[in-house]
Each structure stands twice: as C-alpha cells, then as structure tokens.
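Q: Please take a close look at a single part of this structure. Which side of it faces inward, and what does it meet there?

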Amino acid sequence: MDAFNNLMYGFGIALEPINIAYVFAGVFAGTIIGMLPGLGPISALALMIPITFAMEPSSGLILMAGVYYGAIFGGSTSSILLNAPGVAGTVATSFDGYPMAKKGLAGKALAIAAYSSFVGGTVSVIFLMLVAPLLSKVAVSFGPSEYFALMVLGLTAVVSLSDKSLIKGLIAAVVGVIISIVGIDMQTGTERFTFGSVQLLDGIDFLVVALGIFALAEVFYMLLRGGGGKEAPRNAIGSLKLTRSEVKEIAGPVGRSSVLGFFTGVLPGAGATIGSFLGYSMEKRIAKDGDTFGQGNIKGVAAPEAANNAACTGSFVPLLTLGVPGSGTTAVLLGALLVMGVNPGPMMLTERPDVFWGVVASMYIGNIFLLVLNLPLIPLIAKILDLPKPLLLSLILIFCMIGVYGMSFSVFDLLLLLGFGLVGLGMRLFGFPAAPLILALILGNIMEESMRRALQISGGDWMTFIDKPISLGLLVVALLSLGLPLLKKRRKKIPPDVAI
Amino acid sequence: MTSLTLKRLSVFALPFAAFAGMSTAAQAQEWTPERSIEFVAPANPGGGWDTLVRTMSRVIQQEELADESFAAINVPGGGGAVAWAQVARDSGNPHKLFATSPPMILVPLAGASRYDHTDFTPVARINTDYSIILVAADSEYQNLEDLLNALKEDPSLSVGGGSAPGSMDHIAIAGLASAAGMEASAVNYIPFSGGGDAMTNLMGGHIEAVVGGAGEAVGQLGEGSQLRALGVSSEERLGGGLSDVPTYQEQGFDYTFDIWRGVMGAPDMPEEAVAYYEDLFAEMLETDAWREASDQLGWIDAYQNSEEFGAFLDQQQEQFSDVLSELGLLRQ
C-alpha cells in the first residue's frame, strides 16, 4: 500500500535521534505554553523562527508543529483547574471540566482530557495521512456562502448551551455578536462601536472576554460568596482512573468529535475553537443525559478535547497541500517554511516528501509523548487546587492579567479584562449563561463577514445561500437542529413559561 | 515564571547595553547606538511588517553589522495606527524604528490614524514587492485585456483581495482599472481576511480573479498549480518563478504599483542617527544572508536613503489620494 510505504519513509525521518529530540522539545514546550493563558502558540512560533532557520526543513516543521499541537493539548489544564482557558481552542473544555474539578474530580477530568486529546490527535493524523490530497478540494469548496451556513449551524448551539432559560441565552448571544462587531469593519473600512478609541480599532480579543467572563467572574463570585479562605481545602485531585463504563461512555463522543474536529480544522478559518464548540454542542444534543452537560459531565470534557486536537491536525491540510494558512498559527508556520526554502502547496508532496511525511510520522510520536508526558504530571499540576483559597484566587487573578498583558502589552486590555470580569459576575448573579456569549463572539464576526461577502459576490441575491448544495445542506441541518428540540418540548407538553 | 514573552526577551539586553554605550558616545563625532534598538512591527507576528523586522534583525545580528542588537517588538492594532501613536510620543528617540509600507500612507488617508508619514522620520526604503493578478488555471481569461474587458461588460464580476477596501490590494486593482479607462469604483472588489483566504476562494471558483502580492503568490504558481498569473505591476519582468508573467505595461496598460517596504523612526530623530541607519541598512543589503532571505521571500531590493525615501512618500501620498478620492474613500 502506498500510504504505508510513505509512512514508513516518514518514520525513517521522524525516528532519527535528532528529530525525536525535536518532537519531544516541541511538545514539551507546547504543553507549557498551552497551560499559560495569553502565551499562545502564535507568539511562541514567531519566536522560534530564527532558531529553526538553520535547521533541516523537516526538523524545523517537526519542532514547530509539536509546539502547536502540544499547546492545544496542554491548554485544557488551566481550563479545567482554574476556569481560565490557556488557548482559545480549550474554552469549551472548561464548561464541564471546571465543574468536575470543583466536585473533586480534577484528576479524572485531566486524565479524560489527555486521553481524548490523544485519540483526537491520532485519529486525525491517520486522516491527514490517507486523505490530505483529496481534502484540499473540500477546503476550497467552502466559499463565503458555505461559511455563512456553517456559522449559522454553529450558532444554533446557543439553544443547547443556554441551559435554564432560552431567552437569557439568546440575550447573551446577541451581546456576544455585538462585541464581535467592535472594530474596523472589513467590508467597508468603517469603525463600529469604537467610540473613537484607537485601542478598539482591531476589535476585542476573544481571549480577553473569555478570561474575564469565566476566570475572573469566578474569582469575584467566590469572593462574594465565600468571603475567601473559610472553606477547607478539599481533597481536590481525586483518582485518575476511569472505570470501564466511563471509558465506554466517552468512546462514542471521542470518536465522533475526532472526525468532526478534523473536518472543521481542514476548513481554512474554522479551526480548533469552532471545532471544539461544534463537538461539545453535538454531544450535548445527542446524549441522553444532555441536561447534565455544564455540571461536570465527562462527555463534555471528552468531546471538545478530542475535537480541538483533531482540528489542529486538520489545519495542516490547507497549509501543506494548498500552501494557504487557515489560521494565525499556520500563517506563522507558512512563513517559517518559506524562510527555510520550502514552498508548501500542491507540489510539496512530490518535491519535498521528506517534510510532509516526516511531519505526519512525527505527529504519531508526538501524541504518544504528550500522553506519556501529561499523565504523570496531572497529580503534580492538580495540586494547585490544594492551595488555600486566598492564594488560589490571587493566583488566578495574576495568571489572567499576565496572560492578557502578554498578548498585547496593552493596559487598556487589562481594564477590558476587569470590565468583562464584572460583566461575567453580573451574568452569574442574574442567571445568564456565559457560553452562548462566547460562542456568538467567535462565530458572529465570521458569519457577518461571510454573509456580506457572499451577497457582494452574488450582486445582492439571497438565493446564493440556497443555490449552493453545501450551503443549503448546512442550513437545513441548522433548521432541523433548532426545530427538533422545540418539537420534543412541545410533545412533553411543558408549559411555555417553564420551558423558558 | 509566566511571562517569557516577545517583549521580555527583547529587553533582556537593555541594562547592560546602556552602561557599555555611555562613555563612548559622548566623545565620538559619529553617532552609534548606546543601547539595543527597539524595532517595531506595527502588527501581529506572521505578517509582512513582522517578517521584514525579524529578517532584518536576524541578518544584522548574523553578519555582526551593528554593536547593539535590534529587538523585534510587535505592536498590533488598527492596521498600524496603534504603533504609530506610540512611536509618535517618543519624539527624538534615536533607538526606536518601525517597519513601514503603503498602509503608512493609506490608513491616514482613510481617516483611521491621527498621524501620517510626515509625523515620522524617514530612514530608508529597503525593498519592494509588486502586485499580481491571478485567475484560476482553467479560466477563460488568457490575458489582462480579456479580464478587463469582461469587467467592463459585467461590473458584477468579483475580484478578491486580502485587505479592506481602500487598502493596498484594492488600490492596486482600482488604479489599473482607472488606467484602462474604467471607473476605479466600478470594480467589484471583495475584501478577504488575507491573501491566502482570497486565493483559496479563487481555487474554489467562488470569485473570478484575485489581486495580491507577487511574493505571496509565487509559491502558488508553476507546475501543477491551480492558479495562473495574468500580469504583474512592475516596470520590468520579475525573475525566478515569475519570469514568464508579463507586466501590465507590456500588455498596453500604462500602470505600475509598488508594494514598497521601508524603515521609519521616531519624530525628529537626530540627523547623525539617521545617517548611521542609512549606512547600516545599505551595508546589510550587500550581505549574502540578506540575499538568500530575499530570494526565498520574493523580495526585490529597492534602497533609497532618507531624503529620497521622504520625497517618494510624499509622491505616493499624492498618487494614492487621487485613487482614493475616485473611490470615494478619501477621508482626510
């Protein structure tokens, strides 16, 4: 078999001692970077370009790819332990990971995250290996109309993410869309909601909002509620072991989310964040115990973790087969490859098979390293929860501040962070769910841009969303996913005021 | 523990450098840096400005051209406006430089920056890239004339680019349309979030053509490619992978467009400092390391010293404001 021979050739490169060292260094650095909010893979990779410049291109890419998927792997740690997502792709992990940690199941949540990440990463490497060249067609088949439909489908998750009150969920989602609009409008160059401030011209960074509304709001809430320090530290870590029935329970979600995540990653511009949200909301919908999502359901950790790692690998498809970056991180990787004298694109498989297959093979090794590296670390890292509450709360606060400042070096962003912390606190006190706001913030901007782009191309004809089969299909699925839960509720004959 | 960030790394060297420099600078006539130079990329890592800053810093260090290091710093925001506002406050500072290119002219003209190029000290133009027009490999348009005629007949045909209306890619195509006797505003320009995004949409058949940077496109052309180039905006044909792409002028359209890149400094930078950097960058352009990096990135050297660069910028401003006002996007 061809793929098998190629893979063996790839392993021949990836298993060279120096490359094994690079994989290890890459995933180790990535894990650390992922754990720290703010220091994302983008800036880490940009820093590494001068280091990789003198390397063999395959080694350089092996190292940098390791940092990238290592960061997504490690990003779940702070989401679970502190409710402070380390990278954007792991926001959805905090929905159930943090409640688990609060219940004293931090060890289990981290272990599930590690196993699911491993499976997601490995499954998607298999896909990458087998179908990457074919998938480049899929990646380009998505134009503005199709993206718009995909974002609509993603937004329907608001319904499943607003647990108690649909109306409050929708309000939160609208606020999220409004925040996503802040800044210079791409289509016209007009400033919107900037109030003349230079700092707002580029919009509000997603991570500032996420850290504020999740982590900081949690700190404020605990201060309000507990007065700090009173609660005795619980035996916070718990067991790492999964029972057989738990393994069975997460097997389905992990498998489905791995595939879903990979295909989301293949689409330029979609990536790990959207992939993890789609995985989460899909599982929440099909699970029998979907109501317990958000309260520490293990499937709610497994699904987004499998999806975000799979999406990360998937994003290498457009990079390596088309030479176009699908995200900020892959844009930096593309730049690094160009500097090393490799032109990613359709010809890369024939011109530089060493780079392509070497990286693919190294991803298998890297994922194993990540698992072996992370599992023994879990009890150590989770000890952070044993800290006295005042210390832990200040630590989270500092963590978020450094994270946000490290991203932009802007004091203004720190104030925004505090502001969103207060907004998040208010939302918690009045029962507004935070997840729909975050989801709408991620999707809102792409949805609006795609819609206007599509209409500009079609000359203002709305049929463009229905004429295209992919776009039509996605919209139909979106409609179904909105309609079915409502029908179900109807059938249960719940009076509308209770349903709301 | 948590903040091994770009900025932190880059300022490690500062305190030591300041001590070493103090004694020598006072006696010498010729100015040399007294501490490491903050070299600002007014954007996030990964873009054109960032690549320029990092490549220059690396070559200068590798070839040991300067006693002090060039520390790359990213100040993203507002298409450059945030960084400009920051540098503008640092009047007279000879240790602060930033990378620049046509947005330095375009963003202020669109009314999105309080500062324009006249607020800063031009140091040197470094190199240039050109604009290129691409269509799908199986497109019916064989040359520029085919495409422009089609655009004349059917103004709804879409041309994608990697930046907002009124920025580089839009000006490049609008100027060409104007030179071909069309109204600049008649082009249905579709802004995408980057050149790569626009090219994927072209490959997928969602748009008719793409206007973008030649350096960025070169990797997409050649054998087995899904794209085809119709023309470049340079005066003479480019080399390498683009040698068989005709210029606009060859095809009878009298129009050129430079995507120049250069370095500017804080307002009122001392003349001696400007002279130092002029020489340093001129020397850098002669090194093998620079040659190699430029070849890989598709850059073409286009050095101008401070005075020439300043005059060039004024001239660019005039030219761009004409096109922008034709497009109805001039807001100064």
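A: What follows is a walk along one helix, then a step out from one of its neighbours.

The model is predicted: local features need pLDDT of at least 70, side-chain atom pairs count only at pLDDT 80 or more, and totals for chains, interfaces and linings use all residues. Residues are numbered from 1 along each chain as its sequence is written, while chains are lettered from A and ligands numbered from 1 in the order in which they are written.

Take helix 9 of chain A, residues 166–181. Helices are DSSP runs (H or I, at least four residues), numbered from the N terminus. Helix 9 of chain A has 16 residues. From first C-alpha to last it reaches 23 Å, close to the expected 22 Å. That expected span is 1.5 Å times one less than the number of residues.

Now look inward. A:Gly169, A:Ala172, A:Ala173, A:Gly176, A:Ile179 and A:Ser180 are buried (20 or more other C-beta atoms within 10 Å of a residue's own, with C-beta atoms placed from the backbone). Why do they share a side of the helix? They cover an arc of only 115 degrees around the axis, taken from the directions from the helix axis to the C-beta atoms. An α-helix has 3.6 residues a turn, so residues three or four places apart point the same way.

These buried residues pack against helix 8 (157–161), helix 10 (206–226), helix 19 (411–429) and helix 20 of chain A. Contact requires C-beta atoms, placed from the backbone, within 7 Å.

After the helix comes A:Gly183, with a positive phi near 120 degrees.

Helix 20 leads further out. The contact between chains takes 50 residues from chain A and 48 from chain B. Helix 20 (435–458) is among the elements giving two or more residues to chain A's side.

Terms used:
Two residues are in contact if their C-beta atoms, placed from the backbone, lie within 7 Å. A residue is buried if 20 or more other C-beta atoms lie within 10 Å of its own, exposed if 12 or fewer, and partly exposed in between; C-beta atoms are placed from the backbone.
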